[in-house]
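Got the viewer open? Here is a walk through the fold, one selection at a time.

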Amino acid sequence: MAVAAFGSVSRVGFGKSDTHIFFGSGFAFPSKRLSVSSKAFKSMAALTAAPAVGISETFDRLRKRGQISWVALIPYITAGDPDLPTTAEALKVLDSCGSDIIELGLPYSDPLADGPVIQAAATRSLARGTNFDAVISMLREVLPQLSCPVSLFSYYNPILKRGIRKFMTIIKDAGVQGFVVPNVPLEETEIFRMESSKNNIELVLLTTPTTPTDRMKSIVSASEGFVYLVYYKKVNSSRSVYPPRHGVDPMCNTKVALIPYISAGDPDLLTTAEALKVLDSCGSDIIELGLPYSDPLTDGPVIQAAATRSLARGTNFDAVISMLREGLVVPDVPLEETEILRMESSTAHNTYYSNESDKINCFSFRRICIPMSSVGVTGTRTDVSARVQTLLQDIKQATSKPVAVGFGISKPEHVKQVAEWGADGVIVGSAMVKLLGEAKSPEEGLKELETFTKSLKAALI
């Protein structure tokens with residue numbers, strides 16, 4: 001069964017002229033090291049140096065108390081935004097304000113699961129020279145001062161560069177207790193789980209509102225520490241209004257191309273073959289054909305459902321590839337990692353990029369750029385859908401493991417509501433990141449973070 005690289009649906013373009021294979025941008029950590037300040041801000045509570053417990057142990061302690069006030073508060077911040085010394089102080093603030101677990105995101109240039117706030121934070125962090133070694137150096141200094149465990153949130157590419165075994169050893173030595181990799185499918189987590197077990201690190205897996213029930217049960221069975229319930233609005237879906245176009249390649253002709261998309265194997269491959277002919281005969285300039293994939297982070301419920309149906313019917317890569325004649329688009333592989341692909345695909349013309357900041361990449365290629373028409377997955381929301389309650393109930397019928405809800409929780413009332421629905425933890429990310437990244441000064445950002453975190457904790461009392 002075909003699985004696209006790094007957690008997304010690969011797309012195949014059928015064009016009326018030569019096309020080719022491409023990948024997109026990357027985790028570009030320069031080698032510069034940053035120092036970490038030990039300065040304490042006067043408004044912060046005194047810090048304890050008690051050793052942090054593990055994630056599972058944290059939830060066990062909370063569950064024994066059996067009250068809504070003991071639902072875990074799990075804030076998320078991006079390492080290096082606005083700078084690493086501020087990140088170090090922010091970790092201490094979050095701990096002193098009663099956070100039960102802290103998620104720390106490693107900045108990455110193509111975070112498909114993240115919305116504009118966290119994307120911007122990652123961009124600022126990388127622009128300031130944040131690198132993996134500097135983050136680890138900071139964690140070695142700070143984590144012994146915290147009383148709560150810290151979990152790293154990282155995309156697969158930076159892990160792959162170092163090797164899973166080496167990466168796990170490094171973060172263990174730094175004192176990290178948990179790990180989240182949003183773009184690695186369940187089928188490819190075996191080595192992660194083996195190495196995390198060796199290093200006593202808990203690998204947290206994600207399930208979504210559109211995850212089929214049987215697959216959800218497999219995910220919660222394999223997840224360690226807790227189950228991460230992702231509540232979000234997916235990237236690809238039907239819309240009544242689209243944002244203005246951006247990132248158009250100035251080298252392209254002014255003629256607008258019609259580019260329909262269909263999923264291979266839905267309802268079956270014979271129908272797909274005929275559909276390609278129909279689309280071609282009706283004047284399509286290029287056709288995008290999606291390879292079905294079990295965990296397509298960038299796709300909405302319609303395309304996810306099509307992929308699920310296709311896989312259930314036994315669609316596989318070999319069967320699809322026999323129909324292919326021209327270009328391939330892979331939406332989540334960084335530009336820096338495309339050298340071999342471009343060398344092997346010397347006639348390549350197409351590229352794909354995921355946000356406006358990447359539009360310069362299209363100048364490196366010769367034919368067409370494909371911008372996304374919406375923001376990413378994470379982000380603040382005005383309210384939380386009541387469907388979360390049903391999802392929580394479904395997951396809790398399948399497992400006794402703790403379930404934490406994230407992606408879109410941004411207000412004290414959200415925290416309280418999700419806790420009342422039965423969540424064991426609430427994860428707040430974009431709202432935290434925005435406070436730190438957009439403050440007039442690091443000191444102001446830390447004070448605002450302290451106030452906001454206390455308000456979230458108060459909502460659980």
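Start with Arg-63, and keep in mind that this is a predicted model. Arg-63 is partly exposed, at 38% relative accessible area. Now add Asp-424, whose side chain meets that of Arg-63 in a salt bridge, 3.7 Å from N to O. Asp-424 counts as buried, since its relative accessibility of 13% falls under the 20% cut-off. In sequence these two are 361 residues apart: Arg-63 belongs to helix α1, while Asp-424 is in the loop between α14 (412-420) and β15 (425-428). Select Lys-396 as well, and you have a network of salt bridges linking Arg-63, Lys-396 and Asp-424.

**More charged pairs**

The whole model has 12 salt bridges. For another one, pick Arg-215 and Glu-187, where N and O are 2.7 Å apart. Arg-215 sits in helix α8 and Glu-187 in the loop between β6 (178-180) and α7, so this pair ties together parts 28 residues apart in sequence. Is Arg-215 buried or exposed? At 12% relative accessibility, Arg-215 counts as buried. Its partner Glu-187 comes out as partly exposed, at 49%.

Next, go to helix α9 and show Lys-277 and Glu-274. Their side chains also form a salt bridge, 3.4 Å from N to O. Here the two residues are 3 apart within α9, about one helical turn. Lys-277 is exposed at 52% relative accessibility, and Glu-274 is partly exposed at 44%.

**Into the aromatics**

Colour the rings next: there are 9 aromatic pairs to find. One of them is Phe-59 with Phe-226, a tilted pair with 5.5 Å between centres and 50° between planes. Why does this pair tie together distant parts of the sequence? Phe-59 lies in helix α1 (residues 55-65) and Phe-226 in the loop between α8 (213-222) and β8 (227-230), so the parts being joined are 167 residues apart. Both rings belong to buried residues, Phe-59 and Phe-226 alike.

Then select Phe-132, Tyr-156, Phe-167, Phe-179 and Phe-192 together; these five make up one aromatic cluster. Stay on Phe-192 and show what surrounds it. Leaving aside residues up to four places away in sequence, Phe-192 touches Tyr-156, Ile-159, Ile-164, Met-168, Phe-179, Val-181, Val-184 and Leu-203.

**The nonpolar cores**

In soluble globular proteins, nonpolar side chains tend to be buried together. Which residues touch the most other members of the largest nonpolar core? Select Leu-104, Leu-139, Ile-171, Phe-179, Phe-192 and Val-405, out of 73 residues in that core. Helix α4 (residues 132-142) supplies the largest share, with 7 residues. There is also a second, separate core of 23 residues; to find it, select members including Ile-101, Phe-153, Phe-407 and Ile-427.

**Two helices crossing**

Keep α4 on screen and add α2. How do the two pass each other? The crossing is right-handed, with axes that come within 10 Å and cross at roughly 35°. To see the contact itself, show Leu-84, Thr-87, Ala-88, Leu-91 and Lys-92 on the α2 side, and Ala-134, Val-135, Met-138, Leu-139 and Val-142 on the α4 side. Leu-139 should look familiar, as it was among the best-connected residues of the largest core, those touching the most other members.

**Backbone oddities**

Finish by switching to the backbone. Most residues other than glycine have a negative phi, and most peptide bonds are trans. Three spots here are worth a click against that background.

- Go from Asp-81 to Pro-82: this peptide bond is cis, with omega near 5°. Pro-82 is in the loop between β3 (72-78) and α2 (84-96).
- Jump to Asp-266 and Pro-267, where the bond is again cis, with omega near 5°. Look for Pro-267 in the loop between β9 (261-263) and α9 (269-281).
- Last, click Asn-200, which has a positive phi of about 55° although it is not a glycine. You will find Asn-200 in the loop between α7 (190-198) and β7 (202-207). Asn-200 is exposed, with a relative accessible area of 62%.

Technical notes:
Residues are numbered from 1 along each chain as its sequence is written. This is a predicted model: local features need pLDDT of at least 70, side-chain atom pairs count only at pLDDT 80 or more; totals for chains, interfaces and linings use all residues. Side-chain values use heavy atoms; hydrogens and water are left out. Helices (H or I, at least four residues) and strands (E, at least two) are DSSP runs, numbered from the N terminus. Buried means under 20% relative accessible area, exposed over 50%, partly exposed in between (1.4 Å probe, protein chains only). Rings of Phe, Tyr and Trp (its six-membered ring) pair if their centres lie within 6.5 Å; planes under 30 degrees apart count as stacked, over 60 as edge-to-face and the rest as tilted. A nonpolar core is a set of buried Ala, Val, Leu, Ile, Met, Phe, Trp, Tyr and Cys residues joined through side-chain atoms within 4.5 Å. Contact means heavy atoms within 4.5 Å. A salt bridge is a side-chain nitrogen of Lys or Arg within 4 Å of a carboxyl oxygen of Asp or Glu. Axes are lines fitted to C-alpha atoms, for helices over the stretch in contact, and angles run from 0 to 180 degrees between N-to-C directions. A crossing is left-handed if the near helix is turned anticlockwise from the far one by less than a right angle, and right-handed if clockwise.
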